[in-house]
Amino acid sequence: MSTPTADIRHDWLQSEVMDLFELPFNDLLFRAHQVHRLYFNPREVQISTLLSIKTGACPEDCKYCPQSVRHDTGLEPETVMDVEAVLDAARAAKNGGASRFCMGAAWRSPKDRDLDKVIEMVKGVNELGMESCVTLGMLNARQAERLKGAGLDYYNHNLDTSPEYYKEVIQTRTYEHRLETLENVRSAGLNVCCGGIVGMGETREDRAELIVQLANLPTHPQSVPVNNLVQVPGTPLDGVEPIDPLEFVRTIAIARIVMPKSVVRLSAGRTEMNDEMQALCFFAGANSIFYGDKLLTTDNPEAARDMALLKRLGMQTTEPRQTATA
Ligand code: SAM
Ligand code: DTB
Ligand code: SF4
């Protein structure tokens with residue numbers, strides 16, 4: 001096998017990514033791990049804590065999501081949280097060791113008065129010395145600029161899957177809409193957090209195409225969350241055939257190879273993974289996790305279990321930003 005290079009390319013072909021998927025597992029992991037070490041300390045993992053600041057009753061029809069008003073998942077909808085309650089949660093996350101606080105809202109897109117409140121939350125999180133991230137649905141250019149002006153660090157907006165499979169999963173907004181929001185976020189100078197979900201019944205070709213779409217954006221997303229579908233009773237994707245765990249590890253490895261400088265997050269779905277699978281994902285190039293007992297509405301591994309796992313692996317978390325003022 002040739003020596004790995006880590007060119008920052010934006011012209012990946014689906015056939016090239018498919019070739020990576022077809023490599024023998026050990027060859028793929030070896031290559032991904034070598035690329036990982038070119039830009040990252042393999043002992044470090046970045047940890048973000050998530051909070052749902054507005055839960056459920058979302059008008060969108062995403063087939064995977066427990067928060068869509070169209071799926072009867074028994075989830076109790078909640079209005080937007082008070083700023084102080086959000087900042088209490090951020091403080092607790094910081095004390096738990098998280099370096100980034102991510103706030104998610106079940107909106108199609110935020111209204112301007114929603115954004116006023118989110119901006120207060122972002123400012124408060126930054127004052128705690130943590131990085132801030134929000135995921136609020138579609139954003140126009142002005143909204144992205146307002147968030148940047150407030151000091152927001154990252155905006156999460158996922159492509160979710162390939163353009164072809166996307167139509168099977170979401171009908172209420174298009175792939176093009178997603179690309180437009182990403183363009184607005186990027187142009188405002190925000191860091192982009194963008195990835196997808198696997199294990200939704202998509203093919204390997206779909207996974208390859210998702211990775212191509214991410215890698216061929218004008219700049220690679222600074223953060224790439226790879227979610228393994230959390231199956232929630234009442235959602236249309238509950239009961240779909242889960243992805244082979246080794247295929248999931250391959251997906252992480254390939255994201256690492258094609259986006260060498262991006263932080264790859266082993267995102268939703270860790271509760272269903274054993275420690276050995278997570279260890280393989282870290283070896284393959286994942287270097288971020290969500291930390292804390294809950295994702296948005298579903299369970300995440302308990303914090304103590306994660307700390308024990310990192311200790312067993314000889315890994316450490318990256319430090320929160322050192323500019324804390326509170
Ligand atoms: N409403 C906003 C949006 O869709 O952009 C923000 C919140 S939404 C819950 C954020 C992301 O969570 C989705 O893009 C999707 O990738 C992920 N997600 C939602 N439900 C999931 C599930 N059951 N399993 C894995 N990931 C999920
Ligand atoms: C992302 O890619 N995954 C996170 C975060 N971005 C916002 C969300 C996962 C949600 C899992 C389902 C739930 O807890 O509701
Ligand atoms: Fe709404 Fe986001 Fe869930 Fe889709 S993923 S239903 S937009 S909360």
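Before you click anything, one definition: a helix axis here is a line fitted to C-alpha atoms over the stretch in contact, and the angle between two axes runs from 0 to 180 degrees between their N-to-C directions. Keep in mind, too, that you're looking at a predicted model.

**Stop 1: a pair of helices**

Select residues 245-258, which is helix α9, and then residues 275-283, which is helix α10. How are these two arranged? They pack at an angle of about 25°, and their axes are 8 Å apart. Angles under 35 degrees count as roughly parallel, so α9 and α10 are roughly parallel to each other. Their crossing is right-handed.

Now show the side chains where they meet. On the α9 side, pick P245, L246, F248, V249 and I252; on the α10 side, pick M277, L280 and C281. What kinds of residue make up this contact? Eight are nonpolar, with no polar and no charged ones among them.

**Stop 2: T251**

Stay in helix α9 and select T251. Is T251 buried or exposed? Its relative accessibility is 4%, so T251 counts as buried. Leaving out residues up to four places away in sequence, T251 touches F21, V198, R207, I211 and V226.

**Stop 3: S48 in strand β1**

Next, jump to S48, which sits in strand β1. With a relative accessible area of 0%, S48 is buried. Turn on the side chain of Q46 as well: the side chains of S48 and Q46 make a polar contact of 3.0 Å.

Which residues further along the chain does S48 touch? Skipping residues up to four places away in sequence, you'll find R100, C102, R265, I289, F290 and Y291.

While you're here, try the distance tool. Click the C-alpha atoms of S48 and G201, which are 153 residues apart along the chain, and you should get 28 Å.

**Stop 4: E60 and its two arginines**

Strand β1 covers 44-54, and helix α3 covers 83-95; E60 is in the loop between them. Select E60 and show its surroundings. This residue has 2% relative accessibility, and since buried means under 20%, E60 counts as buried.

Which side chains make polar contacts with the side chain of E60? One is R108, at 3.1 Å. Another is R173, where the polar contact is 2.8 Å. Both of these arginines also appear in the list of residues that E60 touches, which reads S68, V69, R70, R108, T172 and R173 once residues up to four places away in sequence are left out.

**Stop 5: two backbone oddities**

For the last stop, look at the backbone. Most residues other than glycine have a negative phi. Now select A57, in the loop between β1 and α3. What is the phi of A57? It's near 55°, a positive value in a residue other than glycine. At 42% relative accessibility, A57 counts as partly exposed.

Then move to D160, in the loop between β4 (154-156) and α6 (163-169). Phi of D160 is positive as well, near 75°, and this residue isn't a glycine either. Is D160 buried or exposed? The relative accessible area of D160 is 3%, so D160 is buried.

**Before you close the viewer**

Put A57 and D160 on screen together for a last look: A57 is partly exposed, whereas D160 is buried.

Definitions and conventions
Residues are numbered from 1 along each chain as its sequence is written. Chains are lettered from A and ligands numbered from 1 in the order in which they are written. This is a predicted model: local features need pLDDT of at least 70, side-chain atom pairs count only at pLDDT 80 or more; totals for chains, interfaces and linings use all residues. Side-chain values use heavy atoms; hydrogens and water are left out. Helices (H or I, at least four residues) and strands (E, at least two) are DSSP runs, numbered from the N terminus. Angles under 35 degrees count as roughly parallel, over 145 as roughly antiparallel, 65 to 115 as roughly perpendicular and the rest as oblique. A crossing is left-handed if the near helix is turned anticlockwise from the far one by less than a right angle, and right-handed if clockwise. Contact means heavy atoms within 4.5 Å. Ala, Val, Leu, Ile, Met, Phe, Trp, Tyr, Cys and Pro count as nonpolar, Asp, Glu, Lys and Arg as charged, and the others, Gly among them, as polar. Buried means under 20% relative accessible area, exposed over 50%, partly exposed in between (1.4 Å probe, protein chains only). A polar contact is a pair of N or O atoms within 3.5 Å; within protein, one must be able to donate a hydrogen and the other to accept it, and residues adjacent in sequence count only if both atoms are side-chain atoms.
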